[in-house]
Amino acid sequence: MAPSIYKVKQDMCDIGKRIWQRGYCAGNEGNHSVRVDKNRVLCTPTGISKGFLRPEMICMVDMENKVLEANKGYKPSSEVKIHLQIYKTRDDIGAVVHSHPPHATAFAVAGIPLPEGIHPEAEVFLGRVPTAQYATPSKQDLADSLIPHIKAETSAILMANHGSVTFDKDLTGAYYRLEILDAYSRILLLAKQLGKVNMLDSKQMYDLLEVKQQFGFNDPRLSCAADGCIGSTQNQPFLTMFDARPASAVCDANGTVQSHGGASTSTVSDESFEQMVQTITDQIMASR
Ligand SMILES: [Zn+2]
């Protein structure tokens, strides 16, 4: 039996509290919605913190963004257009969460695509996360910017210089994807501080995507994972952030230099290091 409208509104308030408590939305930012039937969508009101929602504040619109229900003093979020675009494109989607999770949004602000082939949880529950080009918040352009990225396998999209949108068949699922998205982004930023990231290899990725398929999540990358397609299009901007560190000499007891290490052991850092050496060599040659 489908839950009552009031119960869905209560659930939206509970999820709003989690979003606010975890710092995914500051002030009045963000919005989330639930599709209750073919033509009706419940959505959060504009100008209200997600941490202070009450059921009577939740509004209802139709698929053309006509207001069907809004108590006095409340009106639907202007960004509900994003949600409607996703519902129109994907019949299987029942809930959408738009937030500004700090760690994931950092990638969207820096213009660095979220890398793939690193963390099993992110691979299974998010897969490849595309970044939509920047568009002005509240305008239809913002919803339009998502269109090329709403594919059958997509459950999260970063919005350049803005935030994220996650979606699933129900509100809990859409919220979990938001949590996983920001947790994964945080892990990446912490790994960057440690100076190294180990990629899953082609075999590990193939095995993982096979398990993902067994869970019922279709991922088109399964067909090319064994050939090494994972990360081939969007990992480089993140991996090049791993600067080559200054070489540090390792001496034996007699003070004899044994080796020059220090650069990160990741392949990319080695490449960056070689690139730096080449640049310095070029500059020296040019100054002669
Ligand atoms: Zn926003």
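Student: Let's start at the edge of the sheet. Which residue of β4 is the bridge partner of V61?

Tutor: V61 has V67 as its bridge partner in β4. Strand β3, residues 59-62, runs antiparallel to β4, and two bridges join them. Keep in mind that this is a predicted model.

Student: What is the order of the strands in the open sheet?

Tutor: Eight strands build the open sheet, ordered β4-β3-β2-β1-β5-β8-β7-β6, with mixed pairing. The edge strands are β4 (67-69) and β6, each of which pairs on one side only. Helix α2, residues 80-89, packs on this sheet and touches β1 (31-37), β2 (40-43), β3, β5 (95-99) and β8. The direction of α2 makes about 145° with that of β2.

Student: Let's move inward. Is β5 largely enclosed or open, and why?

Tutor: Five of the five residues of β5 are buried, so the strand is largely enclosed by the rest of the structure. A95, V97 and S99 point one way from β5, while V96 and H98 point the other way, and all are buried.

Student: How many bridges join β5 to β1, and how many join β5 to β8?

Tutor: Four bridges join β1 to β5, and five join β5 to β8. Both pairs run antiparallel. H98 is a handy residue to follow across the sheet: H98 is the bridge partner of N31, and in β8 the partner of H98 is V165.

Student: Now a helix. How should I read a pattern of buried residues there?

Tutor: Start with the geometry: an α-helix has 3.6 residues a turn, so residues three or four places apart point the same way. Now look at α3, residues 102-110, where A104, T105, F107 and A108 are buried. Seen down the axis of α3, these buried residues fall within an arc of 150°, so they line one face of the helix.

Student: What covers the buried residues of α3?

Tutor: The cover includes β6 (131-132), β7 (156-159), β8 (163-168) and α6 (171-194). Just after α3, G111 takes a positive phi of about 70°.

Student: Finally, where is the pLDDT below 50?

Tutor: The general idea is that where pLDDT is low, the predicted coordinates should not be read in detail. Here the average pLDDT is 88, and 84% of the residues score at least 70. Over residues 245-253, however, the pLDDT is below 50, and this stretch has 20 contacts in the model beyond near neighbours in sequence. Over residues 255-269 the pLDDT also stays under 50, and the model has 36 contacts for them beyond four places in sequence.

Note on methods: Residues are numbered from 1 along each chain as its sequence is written. This is a predicted model: local features need pLDDT of at least 70, side-chain atom pairs count only at pLDDT 80 or more; totals for chains, interfaces and linings use all residues. A residue is buried if 20 or more other C-beta atoms lie within 10 Å of its own, exposed if 12 or fewer, and partly exposed in between; C-beta atoms are placed from the backbone. The arc is that of the directions from the helix axis to the C-beta atoms. Two residues are in contact if their C-beta atoms, placed from the backbone, lie within 7 Å. Two strands pair if DSSP finds at least two bridges between them. Axes are lines fitted to C-alpha atoms, for helices over the stretch in contact, and angles run from 0 to 180 degrees between N-to-C directions. pLDDT is the predictor's confidence in each residue, from 0 to 100.
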